[in-house]
Amino acid sequence: MAPAPTRSDCEALDQADPLAPYRGEFVVDDDALIYFDGNSLGRLPKATVTRLQRLLADEWGGRLVRSWRETWLAMPVRVGDLIGTGLLGAEAGETVVGDNTTVSLYKAVSAALDARPGRRTVVIERDNFPTDRYLMESLARQRGLVIRWVDAGTSQGLTVDDLAGVVDDSVAVTLLSHVDYRSAAILDLGAMTTLVHESGALMVWDLCHSVGSVPMQLDRAGVDIAVGCTYKYLNGGPGAPAFTYVNRARQDELAQPIWGWWGRADMFDMAEGYQPYPDIRAWLTGTPGIMSLAGVETGVEMVCRAGIQEIRRKSTALSALAIELYDEWLAGRGVGLASPRDPHRRGSHVTVTHPGAVRLTDELAAKGVVPDFRRPDGIRIGLAPLTTRFVDVYDGLVVLRDLLG
């Protein structure tokens, strides 16, 4: 067995890292803080501060309502195209930014259900993120649907065979997360989409924990609809709006259910009757938060400039380092590993387990290491490639090792 990496090894990795300069593009008030929670809230880009100052002073303060036609009206689609073409493997005109994740998922699943009348079953993973489960339960109650729960069984994530056991011709919609929010297991997006389509059902993907950290090709995989947030790896800021992707081949078939004036063609004529835009703008509902959209745009521009393939390369290296150090320091101290060892099946965080995870999370924070607790006993070590250094992984796990005694 090779010796565990040393801190000098990690310093050398940081010096050779082509993404290292990006850390300097973020607001980092305390360089000693080890931030392992960028998979919940990304750091603030300095460019966002500049962009918001310009928006406040020049666009809102100076141009006032004229800024709608000059700049703001186009932002939901412009930012959506930046996400879609740069990070999702989508064409222009397939992605739009607007509501929060829960509302966006509700609209997506509702549209898919309407497109499969007569089918009364929906499929979702039992351990999916809570908001996904809650909205599916809500829709099941409203529409008299049957929820068919599917279990992964292990931290390696749901397999195609697991899904095949629950999908049949009674299923209308399947909703899954591309990367599991607890274990970081990556699901086989292409194969699972194909499987669901073979049953005649539609596929909705939650991309919240993969967008900006895991490359994907939604068009090539034939994905119908996908939703993702922008405040994790895209660094859009707290409460930043979600995006919705709708495959162009499905846009005539799928109609979102919450009609508002922003989704109506000729929105300013204020006429009676609702006639949706004949394109992705039909998925908008109400007036978007322009300041939040501006923050999303600068965050996404940075991620696209860094390159999703290079981000993935560093993400894989960071998580591999964390697992090496886990094996050396933590495995014999009552700590378990709840993330896949296979880098192809692992997203950009590593989860370790311990009966005292709640206490340890608090004690880590008190010592300047900020991870995330996930029930029942998980400590998530989030690794945001544009801001997390290799020495951060080393130093943070040293603190956890020492707390374990």
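Student: Which residue in β13 is the bridge partner of His349?

Tutor: In β13, His349 is bridged to Gly382. Keep in mind that this is a predicted model. The pair belongs to a longer register. Strand β10 (residues 349-353) and β13 are joined by 5 bridges and run antiparallel.

Student: Which other strand does β13 pair with, and in which sense?

Tutor: Strand β12 (residues 372-374) also runs antiparallel to β13, with 3 bridges joining the two. One bridge there links Phe373 to Ile379 in β13. Now look at the connection. β12 and β13 make a hairpin, with 3 residues between them.

Student: How should I read the faces of a strand like β13? Are its residues buried or exposed?

Tutor: General idea first. In a regular strand, side chains alternate between the two faces of the sheet. Now the case. Strand β13 (residues 378-382) is mostly covered, with 5 of its 5 residues buried. One side carries Gly378, Arg380 and Gly382. The other carries Ile379 and Ile381. Both faces are covered.

Student: Gly382 came up as a bridge partner. Where else does Gly382 appear?

Tutor: In the contacts of Tyr35. Leaving out residues up to four places away in sequence, Tyr35 touches Leu41, Arg43, Val370, Gly382 and Thr388. Tyr35 sits in strand β1 (residues 34-35). Check the sequence separation too. Tyr35 and Val369 are 334 residues apart along the chain, yet their C-alpha atoms are separated by 6.1 Å.

Student: Next, the sheet with 7 strands. What is the strand order?

Tutor: The order is β2-β8-β7-β6-β5-β3-β4. This sheet is open, and its pairing is mixed.

Student: Why is one side of β2 and of β4 left without a neighbour in the sheet?

Tutor: β2 (95-97) and β4 (146-150) are at the edges, and each has a single partner strand, so one side of each lacks a neighbour in the sheet. The twist averages 20 degrees from one strand to the next.

Student: What does a parallel pair look like in this sheet? Which residue is the partner of Val204?

Tutor: Take strand β6 (residues 202-206) and strand β7 (residues 225-228). They pair in the parallel sense over 3 bridges. Val204 is bridged to Ile225 in β7.

Student: Which helix lies across β2 and β8?

Tutor: Helix α4 (residues 75-88) does. Its direction is about 130 degrees to β2, and β8 spans 243-246.

Student: How do I read the packing of two helices? What is the angle between α12 and α13?

Tutor: Take angle, handedness and contact in turn. α12 and helix α13 (residues 390-404) pack at about 125 degrees, and their axes are 10 Å apart. The two are therefore oblique to each other. Anything from 65 to 115 degrees would count as roughly perpendicular, and over 145 as roughly antiparallel. α12 passes α13 in a right-handed crossing. On α12, the contact is made by Leu360, Glu363 and Leu364. On α13, it is made by Gly396, Val399, Leu400, Leu403 and Leu404.

Student: Glu363 is in that contact. Which residue does its side chain meet in a salt bridge?

Tutor: The idea first. Side chains of opposite charge can pair when their charged atoms come close. Here Glu363 meets Arg359 at 3.3 Å, N to O. Both lie in helix α12 (residues 357-366), 4 residues apart, about one turn of the helix. Glu363 is partly exposed at 28% relative accessibility. Arg359 is partly exposed at 42%. Elsewhere, salt bridges with shared partners join Asp17, Glu310, Arg313 and Lys314 into one network.

Student: How many salt bridges does the structure hold?

Tutor: There are 29. Compare the surroundings of two of them. Arg63 and Glu70 meet at 2.5 Å, N to O. Arg63 is partly exposed, at 32% relative accessible area. Glu70 is also partly exposed, at 45%.

Student: And Asp99 with Lys107? Is Lys107 buried or exposed?

Tutor: Lys107 is buried, with 2% relative accessibility. The cut-off for buried is under 20%. Asp99 has 23%, so it counts as partly exposed. The closest N and O atoms of this salt bridge are 2.6 Å apart.

Methods
Residues are numbered from 1 along each chain as its sequence is written. This is a predicted model: local features need pLDDT of at least 70, side-chain atom pairs count only at pLDDT 80 or more; totals for chains, interfaces and linings use all residues. Side-chain values use heavy atoms; hydrogens and water are left out. Two strands pair if DSSP finds at least two bridges between them. Axes are lines fitted to C-alpha atoms, for helices over the stretch in contact, and angles run from 0 to 180 degrees between N-to-C directions. Contact means heavy atoms within 4.5 Å. Buried means under 20% relative accessible area, exposed over 50%, partly exposed in between (1.4 Å probe, protein chains only). A salt bridge is a side-chain nitrogen of Lys or Arg within 4 Å of a carboxyl oxygen of Asp or Glu. Angles under 35 degrees count as roughly parallel, over 145 as roughly antiparallel, 65 to 115 as roughly perpendicular and the rest as oblique. A crossing is left-handed if the near helix is turned anticlockwise from the far one by less than a right angle, and right-handed if clockwise.
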